[in-house]
Number of protein chains: 2
Amino acid sequence: MSDGTPLPLAGPEAPLRADAVRNRALLLEAAARLAAERGAAAITMESVATAAGVGKGTVSRRFGDRHGLLQALLDHSERRFQEAFLSGPAPLGPDADAVTRLRAFGPALLRHEHAHFDLYLAAEPSPERRFTVPARQLRHRHVALLVRAALPDADADLLAHTLLASVDVVLVEHLGHPRDRALARAEAGWHDLLDRLLR
Amino acid sequence: MSDGTPLPLAGPEAPLRADAVRNRALLLEAAARLAAERGAAAITMESVATAAGVGKGTVSRRFGDRHGLLQALLDHSERRFQEAFLSGPAPLGPDADAVTRLRAFGPALLRHEHAHFDLYLAAEPSPERRFTVPARQLRHRHVALLVRAALPDADADLLAHTLLASVDVVLVEHLGHPRDRALARAEAGWHDLLDRLLR
């Protein structure tokens with residue numbers, strides 16, 4: 001998979017004028033705060049407008065409707081996560097070695113999805129698309145690269161699928177409530193799995 | 001999960017008269033052979049009747065329509081697989097030790113699903129049911145029991161989900177064609193994963 005083809009990022013963000021970019025980012029940050037504090041159900045055109053201190057018309061002009069807003073929020077959030085593991089600081093980013101980055105990836109993914117848990121759960125693809133959604137492919141390609149460096153004799157592509165399955169959002173949901181405990185359990189499982197694989 | 005509750009089996013098989021039981025088994029074996037040789041698309045009420053040497057009316061009376069026949073075939077096949085790992089001979093069944101049974105389970109699951117690949121793929125549950133389908137729960141409970149015996153200090157329930165994900169039918173489909181190669185790759189991955197976990 002390390003063939004140099006451009007990496008598939010989250011949905012494209014169309015070029016905007018500088019003030020429109022700032023405006024859009026402001027609205028999305030307000031929506032992200034709402035989602036983190038009160039869940040995706042709390043995100044409405046009105047609540048985001050209020051939180052960002054703008055009129056509802058501004059939110060409508062930018063995102064159309066609530067569905068458009070939620071999709072934009074997911075893309076925005078995924079893009080920030082991608083930047084963190086592709087070019088952010090250590091231990092997640094490229095300044096750390098492969099083993100350190102691999103250890104950091106699972107907890108970072110869990111924290112990232114936790115912040116938008118019900119959004120990711122609602123966006124869970126159907127079985128036939130589970131492995132072909134671009135954002136999923138990028139995560140897989142990244143983990144496979146790290147596995148290849150850390151465990152040169154393993155089937156890195158396959159093992160990367162297995163590792164990602166261990167922190168899958170649907171699995172974490174299945175582990176039950178309270179969600180903090182399910183996330184802590186999945187994080188401990190990630191470290192335990194890597195400890196066993198790497199020793 | 002080892003709380004002594006009865007294990008969830010595949011769909012219930014209603015009591016039938018002895019000759020009706022033989023008749024039903026004969027039809028399902030014929031359907032299973034057709035599926036293995038020519039794929040699920042080759043299974044029709046007519047083809048099963050012909051293969052079993054009975055009239056089409058006999059197949060209709062037993063299964064209603066093609067959907068009922070396919071569902072019965074999947075339940076029948078899953079039940080045979082369950083019998084094999086719950087009470088069949090070693091290395092899959094209870095006469096072998098936990099590590100041996102665990103090693104044998106992945107390849108057996110892959111062979112079992114391979115024989116009904118398009119049936120299982122078509123029956124793949126939606127994301128919210130991925131972990132709650134009774135047949136899946138039974139597989140998981142079984143693997144978790146073996147993991148608990150083989151790796152007493154691991155989170156057996158969680159690791160069992162991870163192991164099962166590595167031989168998931170949707171993942172094997174994603175590994176591409178020819179399917180024999182994808183299956184061999186998943187089987188090698190199962191053994192490699194266990195080698196690393198158990199050493």
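## Two chains and a pocket: worked exercises

About 2,600 Å² is buried between chain B and chain A, and carbon and sulfur atoms give 62% of that area. Keep in mind that this is a predicted model. Let's work through it together.

**Exercise 1.** Find which three residues supply the most of the area that chain B buries against chain A.

*Solution.* Start with the contact itself: 30 residues come from chain B and 30 residues from chain A. Next, look at the shares on chain B. Arg130(B), Leu158(B) and Arg196(B) supply 23% of the area that chain B buries against chain A, more than any other three residues.

**Exercise 2.** Work out how the two copies are related.

*Solution.* First, superpose them: a turn of 180° with a shift of 0.0 Å along the axis lays chain B on chain A, with an RMSD of 0.0 Å. The copies are therefore related as by a two-fold rotation axis. Then compare the surfaces. Of the interface residues of chain B, 100% are also interface residues in chain A, so the copies meet through the same surface.

**Exercise 3.** Count the salt bridges between the chains and describe one of them.

*Solution.* The count between chain B and chain A is eight. For one example, go to Arg185(A): it forms a salt bridge with Asp155(B), and their closest N and O atoms are 2.8 Å apart.

**Exercise 4.** Describe the largest pocket and its lining.

*Solution.* Begin with its space, about 920 Å³. Then turn to the lining, which has 41 residues; among those nearest the centre are Arg130(A) and Arg130(B). Sort the lining by class: 18 nonpolar, eight polar and 15 charged residues. Finally, find the largest share: H7(B) gives five residues.

Terms used. Residues numbered from 1 in each chain as written. Chains lettered and ligands numbered in written order. Predicted model: local features only at pLDDT ≥ 70, side-chain atom pairs only at ≥ 80, totals over all residues. Heavy atoms only, no water. 1 Å grid on protein atoms, 1.4 Å probe; cavity = no way out; pocket = protein on both sides within 12 Å on 5 of 7 lines; lining within 4 Å. Points joined across faces, edges and corners; volume = space filled by probe spheres on them. Helix = DSSP H or I, 4+ residues; strand = E, 2+ residues; numbered from the N terminus. Nonpolar A, V, L, I, M, F, W, Y, C, P; charged D, E, K, R; others polar. Least-squares fit on C-alpha atoms with pLDDT ≥ 70 in both. Contact = heavy atoms within 4.5 Å. Buried area = accessible area lost by both parts, 1.4 Å probe. Salt bridge = Lys/Arg side-chain N within 4 Å of Asp/Glu carboxyl O.
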